[in-house]
Amino acid sequence: MANSKYEYVKAFEQPDLLLPNTWIVVRIDGRGFHKFSDKYAFEKPNDRRALDLMNAAAMKVMSELPDIFIAYGISDEYSFVFHKSCTLFERRSSKLVTTIVSTFTAYYVHLWSNFFPDLPLTAPLPSFDGRAVQYPSVQNLRDYMSWRQVDCHINNLYNTTFWALIQNGGMDAKTAEKELAGSLAADKNEILFSRFKINYNNEPEMYKKGSVVFRDYELVEPGTVELEDDESAKTVEEAALSKTQAEKDRKRRAKARITVQHVDMIKDEFWERRPWLLSNKP
Ligand code: DGT
Ligand code: MG
Ligand code: MG
Ligand code: MG
Ligand code: MG
């Protein structure tokens with residue numbers, strides 16, 4: 001195509017490539033979901049339909065983007081993780097973030113009626129924001145995942161106790177808030193048990209632990225998956241070979257079963273039992 005005198009404007013576009021060899025987390029979060037959850041009268045503190053819908057939309061995102069190897073959801077947020085070797089969209093930050101945000105939002109709206117058959121979705125429609133964060137080490141990435149899961153636990157214990165005081169204890173929100181100010185986890189467990197006969201341990205796992213979405217390869221025996229290659233030691237032939245291998249791995253990932261589990265990701269066990277997650281070698 002001929003150059004026009006307007007072409008120069010292209011030079012104003014700035015590159016936004018994420019650093020190579022870093023774990024990429026794209027976290028999305030519902031916009032104004034405080035209001036949104038009121039509008040559709042979400043159950044407090046947890047609405048199973050709303051959380052199932054978030055999980056269903058996240059699974060669709062993962063099946064459309066095989067490069068995502070794990071995702072974690074709580075409340076109105078979801079974190080999607082790309083392996084440090086991922087080269088999708090040349091690691092362009094805005095392209096990765098906007099693709100995930102729009103794919104997730106499209107499915108959230110599309111699947112809404114499966115989860116809320118009696119509540120038609122009306123404008124203003126739900127929307128999500130998103131950001132990409134890079135982590136240089138597995139430890140940093142695992143600490144990120146642990147941070148979100150600890151947040152889930154702290155918030156859920158607080159919210160469960162807060163709403164028990166209101167719904168079962170007849171308190172108003174201000175009094176309940178005062179009652180819980182400065183309380184420790186043990187105090188909240190005690191309030192739940194002694195006043196409302198609620199054993200927090202018996203609350204649903206999805207509420208206590210959030211939702212972990214990943215590709216499951218049941219046939220892979222733990223320990224049979226190779227760990228890190230030393231990229232720098234590769235010859236050109238080896239690099240080409242590993243490129244076809246990468247393509248094969250990608251296809252295999254695309255075919256794997258995507259599962260949602262409400263399990264602990266903080267302890268080593270989750271990662272040790274599923275070595276393919278961090279090795280990226282399905
Ligand atoms: P933002 O993210 O700054 O646009 O504002 P919000 O209002 O989305 O605030 P955020 O993301 O910090 O908090 C999430 C809100 O969503 C919070 O007010 C509780 C609500 N929410 C999320 N899941 C549920 C649920 O299952 N049940 C109920 N009742 N509310 C929920
Ligand atoms: Mg927010
Ligand atoms: Mg939000
Ligand atoms: Mg949120
Ligand atoms: Mg285009």
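For the counts by class below, Ala, Val, Leu, Ile, Met, Phe, Trp, Tyr, Cys and Pro are nonpolar, Asp, Glu, Lys and Arg are charged, and the others, Gly among them, are polar. The structure is a predicted model.

**Exercise 1. The surroundings of ligand 1**

Task: Describe the shell around ligand 1 by class, by nearest residues and by the elements that supply it.

Solution.
Step 1. Sort the shell by class: four residues are nonpolar, six are polar and six are charged.
Step 2. Pick out the nearest residues. Of the 16 around the ligand, these are Phe33, His34, Ser37, Phe42 and Asp47.
Step 3. Assign the shell to elements. Two or more residues each come from β1 (23–30), α1 (33–39) and α2 (48–64).
Step 4. Rank the contributors: α1 gives the most, with three residues.

**Exercise 2. Overall build and confidence**

Task: Summarise the fold in numbers, then state where the confidence is lowest and highest among the elements.

Solution.
Step 1. Count the elements: the protein has 10 helices and six strands.
Step 2. Take the extents. The C-alpha trace spans about 70 × 55 × 35 Å along its principal axes.
Step 3. Consider burial and contact range. Of the 282 residues, 27% count as buried. Among contacts between residues at least 6 apart in sequence, 78% join residues at least 24 apart.
Step 4. Read the global scores: ipTM is 0.97 and pTM is 0.90. The average pLDDT is 92, and 90% of the residues score at least 70.
Step 5. Compare the elements. Helix α8 (residues 236–255) has the lowest mean pLDDT, 73, and β1 has the highest, 99.
Step 6. Look for a weak stretch. Over residues 219–233 pLDDT stays under 50, and the model has 13 contacts for this stretch beyond four places in sequence.

**Exercise 3. Helix α4**

Task: Compare the span of helix α4 with its expected span, and examine its buried residues.

Solution.
Step 1. Helix α4 covers residues 138–167, which is 30 residues.
Step 2. From first C-alpha to last, α4 reaches 42 Å, close to the 44 Å expected at 1.5 Å a residue.
Step 3. List the buried positions: Leu141, Met145, Gln149, Cys152, Asn156, Thr160, Thr161, Phe162, Ala164 and Leu165.
Step 4. Apply helix geometry to such a list. An α-helix has 3.6 residues a turn, so residues three or four places apart point the same way.

**Exercise 4. Methionine 145**

Task: Is methionine 145 buried or exposed, and which residues does it contact beyond its neighbours within four places in sequence?

Solution.
Step 1. Locate the residue: methionine 145 lies in helix α4.
Step 2. Count its surroundings. Methionine 145 has 21 other C-beta atoms within 10 Å, and the cut-off for burial is 20 or more, so the residue is buried.
Step 3. Leave out neighbours within four places in sequence; the contacts are then Tyr72 and Met265.
Step 4. Check a distant part of the chain. Valine 25 is 120 residues away in sequence, and its C-alpha atom is separated from that of methionine 145 by 9.7 Å.

**Exercise 5. The nonpolar cores**

Task: Identify the best-connected residues of the largest nonpolar core, and the element with the largest share of this core.

Solution.
Step 1. The largest core has 43 residues, and Ala71 and Val81 have the most contacts inside it.
Step 2. Helix α2 supplies the largest share of this core, eight residues.
Step 3. Another core, of six residues, lies apart from the largest one; Phe162, Ala164, Leu192 and Tyr200 are among its members.
Step 4. Trace the contacts of Val81. Not counting residues up to four places away in sequence, Val81 touches Trp23, Val25, Ile68, Phe69, Ile70, Ala71 and Leu141.

**Exercise 6. Backbone exceptions**

Task: Which peptide bonds are cis at proline 45 and proline 124, and what are the phi values of alanine 41 and arginine 91?

Solution.
Step 1. The bond between lysine 44 and proline 45 is cis, with omega about 0°. Proline 45 sits in the loop between α1 and α2.
Step 2. The bond between alanine 123 and proline 124 is also cis, with omega about -5°. Proline 124 sits in the loop between α3 (93–115) and β4 (128–135).
Step 3. Alanine 41, not a glycine, has a positive phi near 50°. Alanine 41 is in the loop between α1 and α2, and is exposed, with 9 other C-beta atoms within 10 Å.
Step 4. Arginine 91, likewise not a glycine, has a positive phi of about 65°. Arginine 91 is in the loop between β3 (77–82) and α3, and is partly exposed, with 19 other C-beta atoms within 10 Å.

Key:
Residues numbered from 1 in each chain as written. Chains lettered and ligands numbered in written order. Predicted model: local features only at pLDDT ≥ 70, side-chain atom pairs only at ≥ 80, totals over all residues. Near = placed C-beta within 6 Å. Helix = DSSP H or I, 4+ residues; strand = E, 2+ residues; numbered from the N terminus. Buried ≥ 20, exposed ≤ 12 C-beta atoms within 10 Å, placed from the backbone. Contact = placed C-beta atoms within 7 Å. pLDDT = per-residue confidence, 0-100. Expected span 1.5 Å × (residues − 1). Core = buried A, V, L, I, M, F, W, Y, C linked by C-beta atoms within 7 Å.
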